[in-house]
Amino acid sequence: MTSMTVDELAARAGVTVRTIRFYSTRGLLPPPDIGPRRVGRYGPDHVSRLALIEELQSQGMTLAAIERYVQRLPEGLSADELAIHRALVASWMPDTADEVTREQLERRCGRALREADVERLTAMNILERTDDPEVFLVDPGLLHLGVRLLDVPFSLESILAAREVVVGHAREVARELSRLFRDEVWEPYRAAGPAPDDVERMKSLSAHMQPVVVQALLTAFQRSLKAELRDAFPKERVPRLGPDAAGAERPDDGVSR
């Protein structure tokens with residue numbers, strides 16, 4: 001639903017109204033819905049798109065590059081689908097923590113935080129308390145995800161258990177892929193006695209492969225989740241999980257959407 005004015009959107013996204021208007025003129029943001037008295041109203045998809053732009057900027061992308069990225073996105077993406085793109089971009093961010101006051105934190109979250117919300121974010125390792133009760137260390141790559149989880153009707157124990165499953169399996173996949181690269185690519189290559197410059201290029205290969213691996217993992221997970229949902233609820237319509245990591249809709253694979 002579109003319920004925010006431009007001032008409310010700016011506060012929620014942590015940008016200025018001038019920035020929003022600038023992005024709109026460059027086609028980075030869709031136009032707002034026009035309500036009574038010709039007042040523009042914005043919704044969650046605008047918040048998610050601004051968050052995506054922020055992530056792209058943090059990676060050092062120029063405005064022209066960001067425009068090209070946004071133009072390649074399918075039309076009509078929901079806030080959830082934009083969040084997938086943002087998660088992919090955020091996965092390349094360095095592991096850093098920002099020091100923020102409670103006021104700054106609430107501005108980033110776009111909402112007032114109860115003490116229970118702070119405890120929930122802290123338990124998920126998104127926030128870390130400091131000696132000052134009004135100052136926190138926040139993981140910028142996970143904050144938006146944590147805010148979304150505040151309204152999910154699951155217990156904190158269930159969320160932490162799910163997190164443990166995801167982290168555990170992700171670590172196992174990373175370990176096996178690293179072993180495969182070492183045993184099948186690196187060791188035979190080194191044994192062949194290549195030139196020093198070739199060795200350096202081979203060492204950088206793993207970094208260049210990361211985007212390919214992430215895209216493959218996300219696509220495989222989405223399709224696996226759809227299959228699991230179909231098997232668990234055979235009489236129900238499987239929910240649409242959004243575009244794959246390449247940013248384009250997949251052709252119909254015979255599974256109900």
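Helices and strands here are DSSP runs, helices of at least four residues and strands of at least two, numbered from the N terminus. The model is predicted.

**Exercise 1. Backbone angles in two loops**

Task: Where does Asn125 lie, and what is the value of its phi?

Solution.
- Step 1. Asn125 sits in the loop that runs between helix 7 and strand 4.
- Step 2. Its phi is near 60 degrees, which is positive although the residue is not glycine.
- Step 3. Asn125 has a relative accessible area of 47%, so it is partly exposed.
- Step 4. Arg38 also has phi near 60 degrees, again a positive value in a residue other than glycine.
- Step 5. Arg38 is located in the loop between strand 1 and strand 2 (40-41), and with a relative accessible area of 70% it is exposed.

**Exercise 2. Overall description**

Task: State how many helices and strands the protein has, and what share of its residues is buried.

Solution.
- Step 1. The secondary structure consists of eleven helices and five strands.
- Step 2. Of the 257 residues, 29% are buried.
- Step 3. Among contacts with a separation of 6 or more, 60% are between residues 24 or more positions apart.
- Step 4. The exposed area of the protein is about 16,300 Å², and 55% of it comes from carbon and sulfur atoms.

**Exercise 3. A salt bridge between distant parts of the chain**

Task: Which residue does Glu67 meet in a salt bridge, and is Glu67 buried or exposed?

Solution.
- Step 1. The structure contains twelve salt bridges.
- Step 2. One of them joins the side chains of Glu67 and Arg26, at 2.6 Å from N to O.
- Step 3. This pair links distant parts of the chain, since Glu67 belongs to helix 4 (residues 63-71) and Arg26 to the loop between helix 2 (17-25) and strand 1 (33-34), 41 residues apart.
- Step 4. The cut-off for buried is under 20% relative accessible area. Glu67 has 13% relative accessibility and is therefore buried.
- Step 5. Arg26, with a relative accessible area of 38%, is partly exposed.

**Exercise 4. A network of salt bridges**

Task: Work out which residues are joined into one network by salt bridges that share partners.

Solution.
- Step 1. Glu106 and Arg102 form a salt bridge, with 3.6 Å between the closest N and O atoms.
- Step 2. The two residues are about one helical turn apart, because they are four residues apart in helix 6 (residues 102-109).
- Step 3. Glu106 is partly exposed at 22% relative accessibility, whereas Arg102 is buried, its relative accessible area being 16%.
- Step 4. Glu115 forms a salt bridge with Arg129, and here the closest N and O atoms are 2.5 Å apart.
- Step 5. Glu115 is in helix 7 (residues 115-123) and Arg129 in strand 4, so this pair ties together parts that are 14 residues apart in sequence.
- Step 6. Both ends of this pair are partly exposed: Glu115 has a relative accessible area of 41%, and Arg129 has 33% relative accessibility.
- Step 7. Through shared partners, the network comprises Arg102, Glu106, Glu115, Glu119 and Arg129.

**Exercise 5. Two buried charged residues**

Task: Which side chain of opposite charge is nearest to the buried Arg49, and which residues does Asp117 contact beyond its neighbours within four places in sequence?

Solution.
- Step 1. Arg49 is part of helix 3 (residues 44-58).
- Step 2. The nearest side chain of opposite charge is that of Asp45, 6.1 Å away. A salt bridge requires the atoms to be within 4 Å, and Arg49 has none.
- Step 3. Setting aside residues up to four places away in sequence, Arg49 touches Leu28, Leu29, Pro30, Val70, Leu73 and Leu82.
- Step 4. Asp117 is in helix 7, and at 3% relative accessibility it is buried.
- Step 5. Apart from its neighbours within four places in sequence, Asp117 contacts Arg111, Ala112 and Leu150.

**Exercise 6. Surface patches**

Task: Identify the residues of the negative patch and of the nonpolar patch.

Solution.
- Step 1. Glu99, Asp131, Asp132 and Glu134 make up a patch of negative charge on the surface.
- Step 2. Asp131 of this patch lies in the loop between strand 4 (127-129) and strand 5 (135-138), and is exposed with a relative accessible area of 84%.
- Step 3. The nonpolar surface patch consists of Val173, Leu177, Leu180 and Leu217, which together have about 300 Å² of accessible area.
- Step 4. Helix 9 (residues 156-191) gives the most to this patch, with three residues.
- Step 5. Leu217 belongs to helix 11 (residues 205-232) and is partly exposed at 43% relative accessibility.

Methods
Residues are numbered from 1 along each chain as its sequence is written. This is a predicted model: local features need pLDDT of at least 70, side-chain atom pairs count only at pLDDT 80 or more; totals for chains, interfaces and linings use all residues. Side-chain values use heavy atoms; hydrogens and water are left out. Buried means under 20% relative accessible area, exposed over 50%, partly exposed in between (1.4 Å probe, protein chains only). Lys and Arg count as positive and Asp and Glu as negative; His and the chain ends are not counted. Contact means heavy atoms within 4.5 Å. Patches are made of residues with over 30% relative accessible area and no salt bridge: like charges are joined within 9 Å, nonpolar side chains (Val, Leu, Ile, Met, Phe, Trp, Tyr) within 5 Å. Accessible areas come from the Shrake-Rupley method with a 1.4 Å probe; for residues, only the protein chains shown count as cover. The place of a charge is taken as NZ of Lys, CZ of Arg, CG of Asp or CD of Glu.
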